[in-house]
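Subject: Handover of a structure and the findings from it

Dear colleague,

Please find below the structure that I am handing over to you. My account of what was found in it follows directly after.

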Amino acid sequence: MLLLLAELAPGVAHADTPEQIEAKQRFSRGVEAFSKGKYEAAIEEFKASYRLRAVPVVLFNLAEAYTALAAFDEAMTYVGLYTVSAPTESLDAGQREQLSQLRERIRRASGTIRIVDAPEGASVLIDGRDA
């Protein structure tokens with residue numbers, strides 16, 4: 001479930017800079033793409049929004065989109081960035097619960113690999129990358 005925040009939601013009644021307006025538009029397009037299952041497009045829109053205006057909720061939504069793509073390393077990277085940008089104690093109860101649920105979904109889906117024995121000089125690759 002994506003987080004929405006008044007800071008980026010359309011329709012806030014104050015004068016916005018052109019960058020803020022574009023950030024809101026990109027954020028809204030990201031939410032729309034996510035809701036249609038177009039996760040790669042959502043990621044691009046959320047990243048563009050964040051580049052224009054660094055609002056922590058965008059990092060959470062990036063984590064959600066990467067989770068939907070089963071890209072768990074990237075998802076956890078954005079969870080970490082989100083928790084640094086929006087420390088847990090600053091979140092309301094609902095936001096803390098959503099963060100907890102997201103972490104749990106990633107943990108359950110990502111799994112663990114235990115290597116018991118590997119010959120000297122062997123390489124371990126996961127998804128084509130060094131482990």
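Helices and strands here are DSSP runs, with at least four residues (H or I) for a helix and at least two (E) for a strand, numbered from the N terminus. On that basis, the order of elements along the sequence is α-α-α-α-α-β-β, which comprises five helices and two strands. Please note that this is a predicted model.

Overall figures

The protein has 131 residues, of which 32% count as buried. About 8200 Å² is exposed, and carbon and sulfur atoms supply 52% of that area. Among contacts with a separation of 6 or more, 54% join residues that are 24 or more positions apart.

The nonpolar core

In soluble globular proteins, nonpolar side chains tend to be buried together. In this model, the largest nonpolar core holds 27 residues, and the members that touch the most others are F46, V58, L62, Y66 and Y82. At least two residues of this core come from each of α1 (18-35), α2 (39-52), α3 (56-68), α4 (72-85) and α5 (93-110). The largest share, eight residues, is supplied by α3. L62 may serve as an example of the packing: beyond its neighbours within four places in sequence, L62 is in contact with I43, F46, K47 and Y78.

Helices α1 and α2

The 18 residues of α1 should span 26 Å at 1.5 Å a residue, and the end C-alpha atoms are indeed 26 Å apart. The buried residues of α1 are A23, K24, R26, F27, G30, A33 and F34, and they pack against α2 and α3. After α1 comes G37, which has a positive phi, near 80°.

A similar check applies to α2: its 14 residues should span 20 Å at 1.5 Å a residue, in agreement with the 20 Å between its end C-alpha atoms. In α2, the residues A42, I43, E45, F46, A48 and S49 are buried. These buried residues pack against α1 and α3.

Salt bridges

Eight salt bridges are found in the structure as a whole. One of them joins the side chains of K24 and D16, at 2.4 Å from N to O. K24 is buried, since its relative accessible area is 6% and the cut-off for buried is under 20%. D16, at 21% relative accessibility, counts as partly exposed.

A network of salt bridges links E22, R26, R29 and E45. Within it, E22 and R26 form a salt bridge whose closest N and O atoms are 3.7 Å apart. Why are E22 and R26 separated by about one helical turn? They are four residues apart in helix α1, so about one turn lies between them. An α-helix has 3.6 residues a turn, so residues three or four places apart point the same way. E22 counts as partly exposed, at 34% relative accessibility.

R26 also meets E45 in a salt bridge between their side chains, at 2.4 Å from N to O. This pair links distant parts of the chain, with R26 in helix α1 and E45 in helix α2, 19 residues apart. Are R26 and E45 buried or exposed? Both residues are buried.

The start of the chain

M1 lies in the segment before α1. With a relative accessible area of 61%, M1 is exposed, because the cut-off for exposed is over 50%. Leaving out residues up to four places away in sequence, M1 touches F60, E64, Q98 and R105. M1 and L99 are 98 residues apart along the chain, and their C-alpha atoms are separated by 10.0 Å.

A nonpolar patch on the surface

Which residues make the nonpolar surface patch of about 340 Å²? The patch is made by I113, I115, V124 and I126. I113 is found in the loop between α5 and β1 (125-126). This residue is exposed, with a relative accessible area of 60%.

In summary, I would draw your attention to the 27-residue core, to the network formed by E22, R26, R29 and E45, and to the surface patch that includes I113.

With kind regards

Key: Residues are numbered from 1 along each chain as its sequence is written. This is a predicted model: local features need pLDDT of at least 70, side-chain atom pairs count only at pLDDT 80 or more; totals for chains, interfaces and linings use all residues. Side-chain values use heavy atoms; hydrogens and water are left out. A nonpolar core is a set of buried Ala, Val, Leu, Ile, Met, Phe, Trp, Tyr and Cys residues joined through side-chain atoms within 4.5 Å. Buried means under 20% relative accessible area, exposed over 50%, partly exposed in between (1.4 Å probe, protein chains only). Contact means heavy atoms within 4.5 Å. Patches are made of residues with over 30% relative accessible area and no salt bridge: like charges are joined within 9 Å, nonpolar side chains (Val, Leu, Ile, Met, Phe, Trp, Tyr) within 5 Å. Accessible areas come from the Shrake-Rupley method with a 1.4 Å probe; for residues, only the protein chains shown count as cover. A salt bridge is a side-chain nitrogen of Lys or Arg within 4 Å of a carboxyl oxygen of Asp or Glu. The expected span of a helix is 1.5 Å times one less than its number of residues.
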